[in-house]
Amino acid sequence: MLASPVHKFVFLMNPKTGTTSFNKTLAQHAHVKVGGNSSLKHLTYAQYRDMFGDYFDRIGAEVFITVRRPLDVLESWYRFRSDSTRYAHREKKDLTSTADMTFPEFITAWGEPKPIRPARVTSGIDFCLTAEGTLPPEVSFYRYEDINRLATHLSEKIGAEITLPRLNVSANVASDSYDLGGMALPEKLLAAQDIYDRIPFR
């Protein structure tokens, strides 16, 4: 999480939605930085509320979250975890690797009530919700495809140009690996897509 009481913004870093690039350039303009490990860096909206309450509301700060289509997020996780070069320095096989799974197998595993370790990832939708499971109306949501427009808005807000380098790119996998072959998508994924379709994007 990056925030600034001076520039009046809060940026919550939803994984797999271009936030690594924002973190690289926006951090120098932030006066509040929560990070150090993945769970703190990627504070969900509900966790942010638990930690800061209404402080940023009272000073008129705008909260930003980028969101991506759930199936695209899962595809990105699958690609990221299939990249064996990321774990080449480790002596033991990485237990989160998807290298031995097809994408349909990964999606099926993710949809289980208790996913196996490689499929324990977020679709990015729960990240956005309140503790009650609703969409917070005060958040400025931007689609992953519109992150350059968000960068322009933040640049105007801060008074300095925000540029987005391309970082944390996942490995290329043969396109036929993603063929779902008409499989029935898990209910959990359909529910996530339904929420995505109801997000009031800017």
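Two strands pair if DSSP finds at least two bridges between them. I kept that rule at hand while reading this predicted model.

**Entry 1: the sheet**

I started with the strand order. The model has an open sheet of five strands, ordered β3-β1-β2-β4-β5, and the pairing is mixed. I then looked up the edges. They are β3 (32-33) and β5 (140-143), each of which pairs on one side only.

Next I checked β4 against β5. These two pair in the parallel sense, over four bridges. For a single example I took Val67, whose bridge partner in β5 is Arg143.

**Entry 2: β2 beside β4**

I moved to the pairing of β2 with β4. The two strands run parallel and are joined by four bridges. Here I noted Val10, which has Val63 in β4 as its bridge partner.

**Entry 3: helices on the sheet**

Which strands does α3 touch? I found that α3 packs on the sheet and touches β2, β3 and β4. Its direction makes about 135° with that of β2.

I also looked up α7, residues 147-158. Helix α7 lies across β2, β4 and β5. It runs at about 160° to β4.

**Entry 4: how covered is β4?**

I went through the strand residue by residue. Six of the six residues of β4 are buried. In a regular strand the side chains alternate between the two faces of the sheet. I therefore sorted β4 by face, taking under 20% relative accessible area as buried. On one side Glu62, Phe64 and Thr66 are buried. On the other side Val63, Ile65 and Val67 are buried. Both faces of β4 are thus covered.

**Entry 5: the nonpolar core**

I looked up the largest nonpolar core, which has 24 residues. Those with the most contacts inside it are Met1, Val10, Leu12, Tyr48, Ile65, Val67 and Phe141. Which elements give two or more residues to this core? They are β2 (9-12), α3 (45-52), β4 (62-67) and α8 (187-198).

**Entry 6: Thr25**

My last stop was a single threonine. Thr25 lies in helix α1, residues 19-26. Is Thr25 buried or exposed? Its relative accessible area is 11%, so Thr25 counts as buried, the cut-off being under 20%.

I then asked what surrounds this residue. Leaving aside neighbours within four places in sequence, Thr25 is in contact with Ile162, Thr163, Leu164 and Pro165. One of these also takes part in a polar contact: the side chain of Thr25 reaches the backbone oxygen of Thr163 at 3.1 Å.

Technical notes. Residues are numbered from 1 along each chain as its sequence is written. This is a predicted model: local features need pLDDT of at least 70, side-chain atom pairs count only at pLDDT 80 or more; totals for chains, interfaces and linings use all residues. Side-chain values use heavy atoms; hydrogens and water are left out. A nonpolar core is a set of buried Ala, Val, Leu, Ile, Met, Phe, Trp, Tyr and Cys residues joined through side-chain atoms within 4.5 Å. Buried means under 20% relative accessible area, exposed over 50%, partly exposed in between (1.4 Å probe, protein chains only). Contact means heavy atoms within 4.5 Å. Axes are lines fitted to C-alpha atoms, for helices over the stretch in contact, and angles run from 0 to 180 degrees between N-to-C directions. A polar contact is a pair of N or O atoms within 3.5 Å; within protein, one must be able to donate a hydrogen and the other to accept it, and residues adjacent in sequence count only if both atoms are side-chain atoms.
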